Amino acid sequence: MKQFFYLLKLAHNGLAGRGHFAQVSQSFDAAPGGLCALLLFAGLAGGADLRFALHGEPKTLDPYLAADESADAVRYLTEGVLIRINRLTRQADPELAESWKIEKGGARIVLRLRTGVKFPNGAAFTSADVVESFHRLLDPALHAPVADSFKTDKGAVQIQAQGPAAVSVEFPAPVAGIERMFDEVAMIRAGATQQPEPGLGPFLIAERKPGVSILLKRNPMYWKRDSDGSPLPKVDDIRLDIEENRDLELLRFRRGEIQLIDKLSPELYEKLAADSPGAAVDAGPTTDVEFLWFNQSKRAPLGAPSREWFASTAFRQAVSEAINRADLCRVAYRGHASAASGPVSPSNKLWFNSAVKPPAFDPGLAIKRLESAGFHLSSGTLRDSRGQAVEFSLITNAGSKTRERMAAMIQADLARIGIKVNVVTLDFPSLIERITRTLDYEACLLGLVDIGEDPKEWMNVLLSSASNHPWNPAEKSPETAWEAEIDRLMLAQAASADTRERKKDFDRVQEILREQAPVIYLLHPNALAAVSPRAKGVKVSPFLPHTFWDAERLRIPGS
Amino acid sequence: MKVVRGCALVFLSLVGMAAIAPEWWTRARYDTQFRDRPDAPPSRAFPLGTDALGRDRWARLWYGTRISLTLAPAAALVSCAAAALAGGGAGWMGGFLDGALQTASDLFLSLPWFFLLLMVRAFLPLNAAPLASIALTFALLGALGWAAPARVVCAAVRRIKTSEFFFQAQAAGCRAARVLWRQLLPNVAPVLWAQFWVAVPAYILAEATLGMLGLGIAEPLPSWGGMLRELEGAPSFRQWWLFAPAVLLAAVVTSLQAILSRKEDSV
């Protein structure tokens, strides 16, 4: 899994409208009218075939340092990879590697490279480029986020050329789903002196206007052909407009200035669906998940009562049962979400444990459970065995309407079982400071987005020793028996190449999370997108990028 | 103009009376969620419809009015009291104190108060009750807003100190305390009064700005700022009911300005 911190940031970005930019993006009042008009005018000028918006300026164009959504999008469109995970079928599709063979029980993969592929400068793509790409990726001085997946504590990954058209990648121990690790590893030219250099993707960066737009032009040397033998990509250029304001983005879509929108908010989706039903697309549940957790860290500056409540499994389960997930989906997400039973979304068909069901909404059962754990209701207030009224604060990030609504609904639901919740919205840096450093909070409502499908994506969160273990970060040793069991199962599945065994282990992990409720999983939002009728060939995927994952095949007739 | 001011006064009185105890006359509480009726249009049951969580927007408007109209004047009072002490003291004593006040007020006026507010709010205890949190927010607004009125008060005191009636009082042998009480305070009071009325709408708008960013008053308490967030998606004018808090805010601020213009005239 990518850094938890990054996911949190993405979570915020995705649902709040660009993370620390949320204050800007949410406040259309702060954008001077003249500026808006200028942006719109700029949008009208130019003549790109396909246009859509990035929701922030890419922090970098170096394909190995991409760590934000916009940089990821540019990398996706401009760089070639050895194996691509198909966003619809979820199969590993051959790209620059036309075939591969997994050896040594999943510890080694031999990739046979496609011949005749050339870089835009005319140089042939060979195994030397692959080796060079991995050397750069794994350079410790670079701190490439994608490199984390290739680092193990058992030794270094060995990359060796097997002639000009084959490469072997060998890990010190078997790796589950080894062929799925190459989706984000861009292939660069050996000897490239500067980054980014034009890559092997369908498009090349032709022009960049910081804060305004990035123009991509068709890569004339692109190797891929359509099923009828015609060259790809089908559009000559793509203009990516930097547009942080999602309302303005929708306005421009309605005016026909952009053709695609990824990650629409439920409100904007409903608005669009009312006006242009054909343009609004709900692609079903994403792998994203919204959840809340209680701070169980012994290092947290919490009072004794709250520390005891949060450590009580009965308390956590009762809170989980008292939250009406169906209402959260229906009201906060306007029906474009599904109740969560655990961290894995039903859209992740291979790893989702269908035997684990979301807790039924039952305040009566929650109260009984609390009473059996020593709590009692007194004049509508829940009190613990010492008579202390149960009250806690729930922090979440400011600027995300859906999350603020969820917090208000949770507050009302828990009031029914006598628990007083103080909802506190914080700016994102303050929130991160509290949940990762000072640990000065009681409960937190947040979400993760763009989660990979494989269970190893959860290692960084579920292992008790992980610094991103949300409810009790960086435990020296598992503090509970069930955490020890999760550790054992997660390590076992990561070391195995047997999918059936891995599934069994990960199913059990999902059951433990459901039984112990260290994290109260709430819902999985749907992938909501907008597709102009002008754009042909768009197949919206619940996985990112939702709309332009096969950009080379999209067409804008008459452009 | 008298008619306009009279109308403004009547309007503000009506708003004030309506906001004193909305629980007596609104049908629902501000936090009751009718989850089967989210985003409902106006009806007999909900004159301004319901919000995204199915809460009665009409009830929330009046509860929010009570909060905004109670705390904004309180914050204005804090800033005017601080301005009277700092500006009055500096103007009266002159010399080093006067210079120090100018420097301090320059510093305060140049501070990015908005970010300061965000920072201070991040340090507040998380379990503060919503009412305590909003009281603190307005107290901070008040505490940060002393600099501009202090300069005005300081200038007024300096002017009074060089006036003939002031010299006459001193020449007649009046003691300092008597001069302060009988000559200075009555002449500074209108200036302070005007500053108070200028500050009230400014603080209402400041809270609205914080609310627009989701950093205003905590759920489930309503405020004008929080309700104005519903306008973020640029709704069409067919949904006129969403504009009610903006209209009320504008009407109250305009009324305050109309009354203020009379106070300024008198100064």
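A:Phe52 has its bridge partner in strand 10 of chain A, namely A:Leu240. This pairing comes from a predicted model. It opens a view of the sheet around strand 10.

**Around strand 10**

Strand 10 of chain A covers residues 237-242. Is strand 10 mostly covered or mostly open? It is mostly covered, with 5 of its 6 residues buried. Two pairings of strand 10 are set out below.

| Partner of strand 10, chain A | Sense | Bridges | A bridge pair |
|---|---|---|---|
| Strand 1 (residues 50-54), chain A | parallel | 5 bridges | A:Phe52 with A:Leu240 |
| Strand 9 (residues 213-218), chain A | antiparallel | 5 bridges | A:Lys217 with A:Asp237 |

Strand 10 thus meets strand 1 in the parallel sense, while strand 9 runs antiparallel to strand 10.

**Nonpolar cores**

Which residues touch the most other members of the largest nonpolar core? They are A:Leu394, B:Val153 and B:Tyr203, in a core of 128 residues. Helix 3 of chain B, residues 57-93, gives the most to this core: 16 residues. A second core is separate and holds 41 residues. Among its members are A:Phe52, A:Ile214, A:Ala530 and A:Trp549. A:Phe52 is also the residue bridged to A:Leu240.

Back in the largest core, A:Leu394 has contacts beyond its neighbours within four places in sequence. These are A:Leu292, A:Ala407, A:Ile410, A:Val421, A:Val423, A:Ala443 and A:Leu445.

**Helix 4 of chain A**

Helix 4 spans residues 69-78. Why is helix 4 largely enclosed by the rest of the structure? Because 10 of its 10 residues are buried. The buried set includes the charged-type names A:Glu69, A:Asp72 and A:Arg75. A:Val74, A:Tyr76 and A:Leu77 are buried as well.

**Chain A as a whole**

Chain A has 16 helices and 20 strands. Its radius of gyration is 24 Å, close to the 24 Å that the globule rule gives for 559 residues, so chain A is as compact as a globular protein of that length. The C-alpha trace spans about 75 × 60 × 40 Å along its principal axes. Buried residues account for 54% of the 559 residues.

How much of the contact set joins residues at least 24 apart? The share is 70%, counted among contacts in chain A between residues at least 6 apart in sequence.

Key
Residues are numbered from 1 along each chain as its sequence is written. Chains are lettered from A and ligands numbered from 1 in the order in which they are written. This is a predicted model: local features need pLDDT of at least 70, side-chain atom pairs count only at pLDDT 80 or more; totals for chains, interfaces and linings use all residues. Helices (H or I, at least four residues) and strands (E, at least two) are DSSP runs, numbered from the N terminus. The radius of gyration is taken over C-alpha atoms; the globule rule is 2.2 Å times the number of residues to the power 0.38. A residue is buried if 20 or more other C-beta atoms lie within 10 Å of its own, exposed if 12 or fewer, and partly exposed in between; C-beta atoms are placed from the backbone. Two residues are in contact if their C-beta atoms, placed from the backbone, lie within 7 Å. A nonpolar core is a set of buried Ala, Val, Leu, Ile, Met, Phe, Trp, Tyr and Cys residues joined through C-beta atoms within 7 Å. Two strands pair if DSSP finds at least two bridges between them.
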